[in-house]
Amino acid sequence: MSIPDHSSLRRISGLLLRYLYLLRSSWPRIIEIAYWPTMQLIIWGFVTKYFSDVRPELSAAGVLISAVLIWDSLFRSHVSYTLSFLEELWSRNLANLFVSPLRPWELICSLASISMLRTLIGIIPAAILAIPFFGVSVFDMGFPLLAFFMNLVLCGWAISLVVTGILIRYGLGAESLTWVLPFLIAPVSCIYYPVETLPQWLQSIAACISTSYVFEGMRSLLLQGELKLDLLAWAFSLNLLYIAIGFTCFMAAFRSARRHGLLLQVGE
Amino acid sequence: MEPVIETRKLTKRYDGVVAVDELDLIVGKGSVTALLGGNGAGKTTTLSMLLGLLSPTSGEISIFGEDFVANRFSALARMNFSSPYVDLPQRLTVRENLKVYAKLYGFGEVNPVVDRLAQEFDLTDFLDRRLRRLSSGQKTRVSLAKAFVNEPDLLLLDEPTASLDPETASWIRDFLKSYCEERSATILLASHDMREVELLCEDVLLLRRGKLVERGSPADLLRRFGRKTLEDVFLDVARGQHGEVA
């Protein structure tokens with residue numbers, strides 16, 4: 001028999017294997033992952049088609065479809081991360097995990113890994129379908145697309161860290177936050193409109209939201225052909241700050257759950 | 001006997017309620033020890049603190065000679081736990097569950113680990129069945145198999161033979177006993193099955209209101225309390241007809 005190797009990588013891959021088994025166990029789940037982004041794409045594809053006839057400037061260069069797909073990467077990454085964590089609560093498996101040598105940050109890495117995979121499963125088919133059906137290829141953006149995508153995913157994970165912290169501390173009663181919280185930042189993310197559209201006081205808030213820089217940057221690239229690195233730098237910096245805040249929240253919730261004996265009870 | 005678990009003045013308070021009260025206990029290497037007590041006596045709280053699921057309000061825990069409160073992870077790699085009140089993922093098959101936990105405990109080659117556990121716990125017939133399709137007795141066996149995935153030096157068990165038929169329960173008790181003897185492993189178990197405790201344990205710790213109130217071998221306790229069964233001793237302790245351990 002092989003000798004145990006107590007490396008973090010092995011534990012992270014072990015837990016990732018658990019989520020892959022879970023994903024594999026149900027084909028409707030796999031279809032569902034791709035279903036919602038595709039539906040979004042179809043609806044916004046037709047909106048774009050309509051605008052291109054009446055107000056072509058609103059839908060130029062596939063900006064609406066690109067915005068839909070990129071915004072969805074935030075929502076998918078967040079939901080995939082949080083749903084995988086919820087699986088541990090629903091199956092009352094959390095205590096088994098935390099009596100193993102698994103560190104909380106390793107759990108976070110496993111959740112982030114499965115989240116990335118599920119996000120790609122969800123977004124890539126929709127992005128490919130947009131090419132023949134609506135003549136829009138987000139892949140034409142090239143390397144900046146990866147930067148926009150990663151920023152949205154990071155922001156999604158930051159939200160997930162806060163939500164899973166709340167779930168670990170307050171239990172399944174807080175489950176609905178999973179669906180609600182990402183939309184809190186949607187109006188100030190300026191997904192479909194420029195930041196200047198917002199009233200001044202909301203623009204000040206948007207300036208603190210990483211996603212607003214991503215969508216401004218994306219519009220600049222698609223409409224003016226200009227890659228604004230300063231916007232990307234702002235988005236990355238803010239996302240790193242959010243991740244740090246999210247991690248701190250999760251660890252504080254975890255310590256509080258250990259103090260209050262919630263790790264054995266959660267899910268019941 | 002070399003101590004594997006040692007607690008000093010271990011205390012847990014929840015909102016002013018004392019669940020475990022300055023508990024001093026030593027569990028020696030290679031022993032099978034029972035933690036007994038009525039509801040609210042502090043058994044689950046004590047086990048949870050010894051597993052790192054619950055942080056103590058005050059006091060010290062030493063496991064394998066190391067400070068468990070300050071750094072629990074190296075000890076956790078050599079420990080394991082099973083409880084009928086903690087589930088494994090129901091949507092995964094038995095094989096998948098064991099593979100995942102083999103990896104979590106550091107094994108790269110997981111198939112030999114699964115084969116060993118399947119053989120030891122007689123899981124072969126339902127290895128590829130999802131957990132939710134199993135009977136409660138089969139689930140208990142899988143949960144016990146998971147607890148042996150890393151061949152632990154210290155095993156904490158909560159009601160280890162709950163839901164098992166008498167024959168399987170007897171087989172599990174024999175397995176636990178021989179495992180401890182062969183590997184000098186240590187078991188601390190919480191149980192309400194007094195017959196199981198008499199058959200399996202050489203040392204019994206009796207808790208009441210978070211305090212250790214009696215300790216000894218089953219035979220020793222029967223003699224001291226002048227009782228014929230451990231259940232009567234348990235009832236005497238639960239009703240407060242005893243002295244506290246100094």
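**How chains A and B meet, and what lies within each**

In this predicted model, the contact between the two chains draws 31 residues from chain B and 31 residues from chain A. On the side of chain B that touches chain A, the elements that give two or more residues are α1 (43-51), α2 (73-76), α3 (94-104) and α4 (111-120) of chain B. Of these, α3(B) gives the most, with 5 residues. Sorted by class, this side of chain B holds 17 nonpolar, 8 polar and 6 charged residues.

A good place to look more carefully is the meeting of α3(B) with a helix of the other chain. Two packed helices are described by the angle between their axes and the distance between the axes. The partner here is helix α1 (residues 8-24) of chain A, whose axis comes within 7 Å of that of α3(B) and crosses it at roughly 160 degrees. Angles over 145 degrees count as roughly antiparallel, and so α1(A) is roughly antiparallel to α3(B). The crossing of these two helices, α1(A) and α3(B), is left-handed. From α1(A), the residues R10(A), R11(A), S13(A), G14(A), L15(A), L17(A), R18(A) and Y21(A) take part, and they meet E96(B), K99(B), V100(B), K103(B) and L104(B) of α3(B). By class, the residues of this contact divide into 5 nonpolar, 2 polar and 6 charged.

Helix packing can also be followed inside chain A. There, helix α3 (residues 63-90) and helix α10 (residues 210-224) of chain A have axes that come within 11 Å and cross at roughly 150 degrees. α3(A) and α10(A) are therefore roughly antiparallel to each other, and α3(A) passes α10(A) in a right-handed crossing. On the α3(A) side, the contact is made by V63(A), S66(A), A67(A), I70(A) and L74(A), while α10(A) supplies T211(A), F215(A), M218(A), R219(A), L222(A) and L223(A). This contact has 8 nonpolar, 2 polar and 1 charged residues.

A single residue of chain A can be followed in the same spirit. T178(A) lies in helix α7 (residues 177-184) of chain A. Is T178(A) buried or exposed? T178(A) counts as buried, because it has 21 C-beta neighbours inside 10 Å, and the cut-off for a buried residue is 20 or more. Leaving aside residues up to four places away in sequence, T178(A) touches V79(A), T82(A) and V163(A). S13(A), by contrast, is 165 residues from T178(A) in sequence and 25 Å from it in space, C-alpha to C-alpha.

Chain B also contains strands. Strands of a sheet pair through backbone hydrogen bonds, either parallel or antiparallel. In chain B, an open sheet of 4 strands follows the order β2-β1-β4-β5, with antiparallel pairing. Its edges are β2 (17-28) and β5 (66-67) of chain B; each has a single partner strand, so one side of each is left without a neighbour in the sheet. Within the sheet, strand β1 (residues 3-14) and strand β4 (residues 58-63) of chain B run antiparallel and are joined by 5 bridges. One bridge pairs T11(B) with S58(B) in β4(B).

Further along chain B, strand β9 (residues 203-208) and strand β10 (residues 211-216) pair in the antiparallel sense over 5 bridges. Here R208(B) has K211(B) in β10(B) as its bridge partner. β9(B) and β10(B) form a hairpin with 2 residues between them, and R209(B) in the turn has a positive phi of about 50 degrees.

Methods. Residues are numbered from 1 along each chain as its sequence is written. Chains are lettered from A and ligands numbered from 1 in the order in which they are written. This is a predicted model: local features need pLDDT of at least 70, side-chain atom pairs count only at pLDDT 80 or more; totals for chains, interfaces and linings use all residues. Two strands pair if DSSP finds at least two bridges between them. Two residues are in contact if their C-beta atoms, placed from the backbone, lie within 7 Å. Ala, Val, Leu, Ile, Met, Phe, Trp, Tyr, Cys and Pro count as nonpolar, Asp, Glu, Lys and Arg as charged, and the others, Gly among them, as polar. A residue is buried if 20 or more other C-beta atoms lie within 10 Å of its own, exposed if 12 or fewer, and partly exposed in between; C-beta atoms are placed from the backbone. Axes are lines fitted to C-alpha atoms, for helices over the stretch in contact, and angles run from 0 to 180 degrees between N-to-C directions. Angles under 35 degrees count as roughly parallel, over 145 as roughly antiparallel, 65 to 115 as roughly perpendicular and the rest as oblique. A crossing is left-handed if the near helix is turned anticlockwise from the far one by less than a right angle, and right-handed if clockwise.
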